[in-house]
Amino acid sequence: MAQGSVIHWTGSNISIDRILNCAKKMNGQLCEAVIKRDKWVEHLKKKAEHTAKVTYNKERATMILNTTYKTAMEGNLIPDREALVTRIGNMIKSPNSNWSEKKPEWELPRTYFAA
């Protein structure tokens with residue numbers, strides 16, 4: 001054990017096995033945090049599968065790659081955080097025709113945060 005460590009492994013229930021297999025309680029059942037983590041990991045894996053199948057098929061991936069390449073070649077890259085914030089602000093204040101049509105779908109009513 002390293003000197004100055006704040007972790008102290010003491011007591012009658014501590015053992016090498018408990019340290020190496022800390023996912024289990026003393027009665028051998030999995031800890032609640034481990035069960036929740038496993039469920040979360042399973043959820044993320046399902047989402048990743050869905051994203052790979054539906055959102056990013058080969059045609060969509062090619063379109064994204066070409067758009068990104070075109071942006072880079074035109075020199076239309078965002079150089080820093082300030083420029084990014086400015087662009088986002090401009091998109092919100094003066095959206096192009098495509099976003100103007102979609103704006104009602106995502107915009108909150110002005111009274112949303114009113115008391």
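**Salt bridges, helices and a nonpolar surface patch**

In this predicted model, the side chains of Arg-37 and Asp-38 are joined by a salt bridge in which the closest N and O atoms lie 3.4 Å apart. Neither partner falls in the buried class: Arg-37 has a relative accessible area of 48% and is therefore partly exposed, and Asp-38, with 37% relative accessibility, is likewise counted as partly exposed. A salt bridge also links Glu-74 with Lys-70, with an N to O distance of 3.9 Å, and here both Glu-74 and Lys-70 are exposed. The count of salt bridges under the rule applied comes to two.

The secondary structure of the chain consists of five helices and zero strands, so that the order of elements along the sequence reads α-α-α-α-α. Helix H3 covers residues 58-73, and because each of its 16 residues is expected to add 1.5 Å, with the span taken over one less than the number of residues, a span of 22 Å is expected for H3, in agreement with the 22 Å that separates its end C-alpha atoms. Just after H3, the backbone of Gly-75 adopts a positive phi of about 70°.

A nonpolar patch on the surface is formed by Ile-78, Leu-84, Ile-88, Met-91, Ile-92, Trp-99 and Trp-106, which together present about 660 Å² of accessible area. Two elements, helix H4 (81-93) and helix H5 (97-106), each give two or more residues to this patch, and the greatest contribution comes from H4, with four residues. Trp-106, one of the members of the patch, is found in helix H5; its relative accessibility is 42%, and Trp-106 is therefore classed as partly exposed, since that class lies between the limits of 20% for buried and 50% for exposed residues.

Taken as a whole, the chain has a radius of gyration of 26 Å, whereas a compact globule of 115 residues would have a value near 13 Å. The C-alpha trace spans about 70 × 50 × 35 Å along its principal axes. Buried residues account for 2% of the 115 residues in the chain, and the chain exposes about 11000 Å² of surface, of which 58% is supplied by carbon and sulfur atoms.

Towards the start of the sequence, Asn-13 is located in the segment before H1, and with a relative accessible area of 41% this residue is partly exposed. The C-alpha atom of Asn-13 is separated by 7.7 Å from that of Met-26, a residue 13 positions away along the chain.

The confidence of the prediction is summarised by a mean pLDDT of 79 for the chain, with 90% of the residues reaching 70 or more. Among the elements, the lowest mean pLDDT, 75, belongs to helix H1 (residues 16-20), while the highest, 88, belongs to H4, the helix that also gives the most residues to the nonpolar patch. Where pLDDT is low, predicted coordinates should not be read in detail.

Notes
Residues are numbered from 1 along each chain as its sequence is written. This is a predicted model: local features need pLDDT of at least 70, side-chain atom pairs count only at pLDDT 80 or more; totals for chains, interfaces and linings use all residues. Side-chain values use heavy atoms; hydrogens and water are left out. Patches are made of residues with over 30% relative accessible area and no salt bridge: like charges are joined within 9 Å, nonpolar side chains (Val, Leu, Ile, Met, Phe, Trp, Tyr) within 5 Å. Accessible areas come from the Shrake-Rupley method with a 1.4 Å probe; for residues, only the protein chains shown count as cover. A salt bridge is a side-chain nitrogen of Lys or Arg within 4 Å of a carboxyl oxygen of Asp or Glu. Buried means under 20% relative accessible area, exposed over 50%, partly exposed in between (1.4 Å probe, protein chains only). The radius of gyration is taken over C-alpha atoms; the globule rule is 2.2 Å times the number of residues to the power 0.38. pLDDT is the predictor's confidence in each residue, from 0 to 100.
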